[in-house]
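Hello,

Here is the structure I promised to pass on to you. Have a look at it first, and then read on for what turned up in it.

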Amino acid sequence: MTQAGASTDRPAERGEDAIAVAGSAQTLGSALTPADGRRHRPVEVTVVVVLTYAVGVLTLLFGIVFILLRYDADIQSEGLAFGVTLGGAITILFGFFTLALASLISRADRVARIILTVILALNIVWDVLIVVGSDAIDLGAIIDAVLVAVVIAVLWFGRAARFFRRPGA
């Protein structure tokens, strides 16, 4: 008998069934291979997932900072505290939505890939408007647009695109 939380090497104590493969005992969990129907996530998709998580966390932090700006004396004197708070709350919700998309992308959810592509395409449009509308060259917006375009391309071409296909299709 083992203590609670203690690990064991015996499959019966872990609640798993043991199967014999070529004379050795393996658990069902360790016997699964890609031939058994599991798909392994390509590195490209993992990079997109990590970047999407990072954007989600940064968006959450930005929303919190945005809400804290409501206490700025200039914002309160101009009566903008409610608008700033509302903008911060919407930004925080968008951050949570981005985190949910990252989780779904990691599980090959095709709808999440489409939604993320639309959001990223809107980001490119925003960056183009910033570049066109500014007097000086905004290098940050240009770099952001290029990186976002690369992420979209990674999601739709190569091994990442095969990862999102239906099994057997």
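A word on terms before we start: helices and strands here are DSSP runs, with at least four residues for a helix and at least two for a strand, numbered from the N terminus. Counted that way, the chain holds 8 helices and 2 strands. Please keep in mind that this is a predicted model. Starting at the N terminus, the order of elements is α-β-β-α-α-α-α-α-α-α. The chain has 169 residues, of which 26% count as buried.

Helix α5 is a good place to begin. Its 26 residues, 81-106, should span 38 Å at 1.5 Å a residue, and the C-alpha atoms at its ends are 38 Å apart, so the two agree. Just after α5 comes Ala108, which has a positive phi of about 65°.

Next, the largest pocket, with a volume of about 530 Å³. It is lined by 16 residues, and those closest to its centre are Val55, Leu120, Asn123, Asp144 and Val148. Two or more lining residues come from each of α3 (43-68), α5, α6 and α7. The biggest share is from α7, which gives 5 residues.

There is also something to see on the surface. Ile137, Leu139, Ile142, Ile143, Val146, Leu147 and Val150 make up a nonpolar patch there, and together they have about 680 Å² of accessible area. Ile137 sits in the loop between α6 (110-133) and α7 (139-156). Its relative accessibility is 73%, so Ile137 counts as exposed, the cut-off being over 50%.

Enjoy exploring!

Best wishes

Methods:
Residues are numbered from 1 along each chain as its sequence is written. This is a predicted model: local features need pLDDT of at least 70, side-chain atom pairs count only at pLDDT 80 or more; totals for chains, interfaces and linings use all residues. Side-chain values use heavy atoms; hydrogens and water are left out. Patches are made of residues with over 30% relative accessible area and no salt bridge: like charges are joined within 9 Å, nonpolar side chains (Val, Leu, Ile, Met, Phe, Trp, Tyr) within 5 Å. Accessible areas come from the Shrake-Rupley method with a 1.4 Å probe; for residues, only the protein chains shown count as cover. A salt bridge is a side-chain nitrogen of Lys or Arg within 4 Å of a carboxyl oxygen of Asp or Glu. Buried means under 20% relative accessible area, exposed over 50%, partly exposed in between (1.4 Å probe, protein chains only). The expected span of a helix is 1.5 Å times one less than its number of residues. On a 1 Å grid over the protein atoms alone, a cavity is a set of points where a 1.4 Å probe fits but cannot get out, and a pocket is an open set with protein on both sides within 12 Å along at least five of seven lines; lining residues have an atom within 4 Å of a point. Grid points are joined across faces, edges and corners, and a volume is the space filled by probe spheres set on the points.
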